[in-house]
Structures are given as C-alpha cells and as structure tokens.
Number of protein chains: 2
Amino acid sequence: MSNAADPACLCGKCTSCVIFNRSVCHVASPEAMAQLNRISHIRKFARGTVIQGQGEASDIVGNIIEGVVKLSSASANGDDHIVGLLFPSDFFGRLFAEESRFAYEAVTDVTLCAMNKSGFERFLIDHPEVEHEMLKAKLDELDAVREWAAITNGHTTMQRVATLLFVFSLRSRNQRREPGDQSSNPVVHVPLSRRDIADYLGTTPETLSRNIQTLARAKVIRIINAKHFELLNASELVRHSGESREDLERIAAR
Amino acid sequence: MSNAADPACLCGKCTSCVIFNRSVCHVASPEAMAQLNRISHIRKFARGTVIQGQGEASDIVGNIIEGVVKLSSASANGDDHIVGLLFPSDFFGRLFAEESRFAYEAVTDVTLCAMNKSGFERFLIDHPEVEHEMLKAKLDELDAVREWAAITNGHTTMQRVATLLFVFSLRSRNQRREPGDQSSNPVVHVPLSRRDIADYLGTTPETLSRNIQTLARAKVIRIINAKHFELLNASELVRHSGESREDLERIAAR
DNA sequence: CGATAACTTGATGTGACTCAACTTAAGTGG
DNA sequence: CCACTTAAGTTGAGTCACATCAAGTTATCG
C-alpha cells in the first residue's frame, strides 16, 4: 500500500484528485498540499446515510468527490425542507460553528475527501490564500442560494420544475449517455427521488409528477425512467421556466 | 474640521463607530484600524434610492451604520423578489465579483460606512484576520438565508407573517417606544412598506393585509399604524408561526 | 416471486392570487 | 395651512393552482 501509484496512498492522493481544479485546493502551495494530504482521508457513505444530523456537533468537513448530498432542515411541526444540494467539488460541512443547523444526507452513494474540522480550521489560519478562496466560494454560494430562493418563492410549480430540469441538463451536459440510448438529444439525470425533488422545489410528489407528465405529453421531455429524461425541446423547457436562458446558465454554473 | 472630537474627522471616525463591536472591524489591529479609517467614508442615501442596480458594476462596499437596505432580484418576467434585508452592522456589497447579481435599495434613510471595493479587497489581503472574520460572518449569513428559504417555502402565509413579526419584535426589543405610547407591551417596528413585506414573504399586499388584520382581530397584535404594532400576545404569535421559540430566536440573532 | 416502497392518476376542497372598489395616509402647490 | 392629488393600504367577490386524501400502477429488493 506504499506504492506511489496507488490512489489510496496518502502521498499522491491529492495530485490525482478528480475535483482538484474546481475545489479550493487548487490555490494551495506545494507545502500546503502536502499538509492537506496529511490531514485528509477518503470516506464513503452509502445512499440514504445521514452524514450529519441537524443540531449535531459538527466534526468533519471536506470536499465532495462523487455523489450528491442534500442539506435539509426540519421545522418544529415535522415537515422538512431541502435547502441545498451539494455536488462534486462542493465543500461539505460547517466551519467555525459548534453544531450544524442542517442535516447532511447522502442522496446517492457519496465519496468524500474528509478532514477533521478543527484540523482544517488550524490549516486555514496558516494558509490565508486557501481561506481567501474559501471566502470567494462561499460568496458565490450565497448568491446562488439567494437566487434559488427567489425562484422557489415567486414562480409556479411548473416554472420550478422546468428550471430544475434545465439546470440539471446543463450540469450533466458532459456526462455519458445511458447505456443503449441511441438518441442524439441530451439526457438529463436527476439523481433524486420524487419526494426529494418535491421537497427541494417546495411542492408535493403528486403535483411534481403531474407537471413532469404534462411536460412529457407536450413533447418537451421524454421520460426514460424515474431519474432519466430525454430533453426533446430545450427552448420550450426554458420558456416553461419563466427565466431567461442566461439566468439559467448562471445558476447552473456555480 | 480638523478637530479630533468632530465625528466627520477621519482620525476618530472608527473609534466612535456605533456598530464597531458587531462589525468585522472589531478584530482589526490598531494598524489595520488606521488603514480602515483612511479608506472609509460616511455616505448617506435617502429612502428609495437604488444604491446599486442589479447587474451593475459593483464598486462600493462597506458596513451599514443606520437604516435598512433591501436586496432584490428581478426575473425575466418583471416581478422582483426581495432575497434579503440588511441591517446596521451588516456588510454591504459584493466582494470579488465584477457586478452585483442583486439590486441594493435603501428602504429607509441609510447611513453607510463606505469603501472602495478594490481598496477594501487589497486591505483584506494584508489583513487575513479581518478576512477570517468576514468568512465567519458570511457562513452565518449563508445559514440564515437557507433557514429563511426553508420558512418561506414550506409554510402558509400566516406562518410567514407571524414569523416575520416575531423576529422583528426580537430585533427591535431594545429600541425606544413610539412617542406617546403608554403601554408596557413591546412595540414592533417594521420599517418596510406592505409591498416590500409581501415581496419578502413571497405573497401579495392583499393577502398580507388580510393576515395582519386577522392577527389584530384575534388580539395577538394591535395595529398602531402601518409600520408599528403592539405585541399583545407573544406566545400566540409564536404558535401562529409554526416554529419553535428557540428557532425564531436563532433566526433573529444573526 | 412476493412484499414494500416509489410513483402516477383521480376526485375534491381550500388557501391565496387576481381584479376591482373603497378608505386612509402622505405629499404638493395655491 | 388647507384643498387637491396621488400613493398606500384595506376589504370584497370570484377563480384557480395546488395540497390533500385515496386508489391504482409500476419499480425495487430481499
């Protein structure tokens, strides 16, 4: 296990990292990289695992390497709402706080580049250039969360559904097609259950289903299976979203 | 105008700052304070002024000393939504971005401790301890925005109205009463128009008005005038909000 | 292959938006 | 300082999108 080519070997872990360019790590100096290599370790969580419960003491942070994590908040009356989704290269966990206000749950199988929270906090003090990058990332995230809040607030369910589908289509643009799929149209992969999508959009599974079926009947999309859709008419989808294409692309970009 | 006691004199501006303790400035060293004193200046904006338009190049940043600023986003179809409110000691403006995604508008008369954006960005590079404080503040803000999004998403209009009133009551707890007000009950001051409140809560002025009147008929509040309410029954208001008191206090705290 | 969960479809009720009239407050100029 | 104007807020009636309850259908997994 001391082979330098072995991805599990600490020595080369970060240099072969698939999300390196998009994570905060890319500004780290060689010395900082070596230290990150020392304090980080790969951890995997199965789909459905609650990585961190709401209100629990937060002790791990890190970057998502693979999979999707949902951030949710349960209110007093019991119903919980998804307040965010984290994708590969997104930073995971809550720095500089005793506990997490939100629950983190693996929506798919998840691979994490995990670090001890206080260990990483100490690292940041020594490496302001990484903390600077972290601040920039969080400012972008703040804008994105506000933008998403504006969408879920002021739009119809159909507009939200169309927005989500289009944004996911842009995100999964460069992913491989489903096996056996011959079409030249883009395939949108939404790795969430209907319930999770509904929670994220602030609606119910029933209403969500109706809207998806309506889009399918209108030949805007074709339902391949519960989590895959063929995009038949992108501009119609944009029209249904009520947003301009530029705005949608900006949302997807983050 | 070179008198050291003169608040307009640069020399003593920051040391007499009323929001110093709550702003990021409080971690600045004496040397850093001197530099902040040099690059900052007080600016005032009249109620209704658009301090920065959506998509405009952002050139000024700073702290709000007095007043309320609304952050809003207008979508393609024209309707705009308030995605945030900024209060005294909150940081204003968008660092590390060419333009602002949102419009900043003075909801009341506003006093700002303004700085040139790139000037402050350069200052942060030299003073990582302030940038660190900025990161912590933004992480708190991120949680608060997500929490608010969860509230506006999954609750009825009445619950949102009650939440807003209660949170504002906690915020204005230590403010002076309206002149001539004899009651011992707390007075909630909401310095926003019905339209602005409606935009913030994701509803319409009509529906908002109906809910406020319902609360008044139920003797939960008494309407003093359009922007002032006497809080007659706090626990009933909490009950209407659908949130636990602790959650509401946490939201108000930020 | 049977059991359980996820998803879809249908029928029904209602909260909130819309359109419209009215009332009250806030500015403005004579 | 008061009449006039205009904006802000309230109230009412009608409609509709969406939630809810319920049943059926299709996946998923042991």
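**Exercise 1. Find the partner of Asp143(A) across the chain interface, then see how many salt bridges the two chains share.**

Step 1. Start at Asp143(A): the residue forms a salt bridge with Arg94(B), and the closest N and O atoms are 2.8 Å apart. Keep in mind that this is a predicted model.

Step 2. Check that against the cut-off, which asks for a side-chain nitrogen of Lys or Arg within 4 Å of a carboxyl oxygen of Asp or Glu. At 2.8 Å, the pair Asp143(A) and Arg94(B) qualifies.

Step 3. Now go for the tally. Between chain B and chain A there are eight salt bridges, while the structure holds 30 over all chains.

Step 4. Try another pair. Arg101(A) and Glu147(B) meet through their side chains in a salt bridge, at 2.9 Å from N to O. Arg101(A) sits in the loop between strand 6 (91-92) and strand 7 (103-106) of chain A, and Glu147(B) belongs to helix 3 of chain B, so this pair joins two chains.

**Exercise 2. Describe the side of chain B that touches chain A: which elements build it, and what classes of residue does it have?**

Step 1. Get the extent of the contact. Chain B puts in 43 residues and chain A puts in 43 residues. The buried area comes to about 4,100 Å², with carbon and sulfur atoms giving 59% of it.

Step 2. Count the polar contacts: 12 residue pairs between chain B and chain A, both residues at pLDDT 80 or more.

Step 3. List the elements of chain B that give two or more residues to this side: strand 4 (69-74), strand 5 (80-86), helix 3 (128-154) and helix 5 (194-201). Helix 3 of chain B gives the most, with 21 residues.

Step 4. Sort by class. The side of chain B that touches chain A has 17 nonpolar, 13 polar and 13 charged residues.

**Exercise 3. Work out what turn and shift lay chain B on chain A.**

Step 1. A turn of 180 degrees with a shift of 0.0 Å along the axis does the job, and the RMSD is 0.0 Å.

Step 2. The two copies are therefore related as by a two-fold rotation axis.

Step 3. Look at the contact surface with that in mind. The same surface serves both copies, as 100% of the contact residues of chain B recur in chain A.

**Exercise 4. Stay inside chain A and work out how domain 1 meets domain 2.**

Step 1. Set the bounds: the domain assignment gives domain 1 (10-149) and domain 2 (155-253) of chain A. Their C-alpha centres lie 26 Å apart.

Step 2. Take the contact next. In chain A, 12 residues of domain 1 are in contact with 12 residues of domain 2. The area buried between these domains is about 1,200 Å², and carbon and sulfur atoms give 67% of that. On the domain 1 side, Ile82(A), Glu147(A) and Trp148(A) lose the most area to domain 2, together 48% of what that side buries.

Step 3. Pick out the polar links. The two domains of chain A share two salt bridges. As for side chains that meet in a salt bridge, Asp196(A) and Lys70(A) do so at 2.9 Å, N to O. Two residue pairs are in polar contact across the domain interface of chain A, both at pLDDT 80 or more.

Step 4. Assign elements. On the side of domain 1 that touches domain 2, strand 5 (80-86) and helix 3 (128-154) of chain A give two or more residues. Strand 5 of chain A gives the most, with five residues. By class, this side of domain 1 of chain A has six nonpolar, three polar and three charged residues.

How values were computed: Residues numbered from 1 in each chain as written. Chains lettered and ligands numbered in written order. Predicted model: local features only at pLDDT ≥ 70, side-chain atom pairs only at ≥ 80, totals over all residues. Heavy atoms only, no water. Domains from an automatic or database assignment. Contact = heavy atoms within 4.5 Å. Buried area = accessible area lost by both parts, 1.4 Å probe. Polar contact = N/O pair within 3.5 Å; in protein donor to acceptor, adjacent residues only side chain to side chain. Helix = DSSP H or I, 4+ residues; strand = E, 2+ residues; numbered from the N terminus. Nonpolar A, V, L, I, M, F, W, Y, C, P; charged D, E, K, R; others polar. Least-squares fit on C-alpha atoms with pLDDT ≥ 70 in both.
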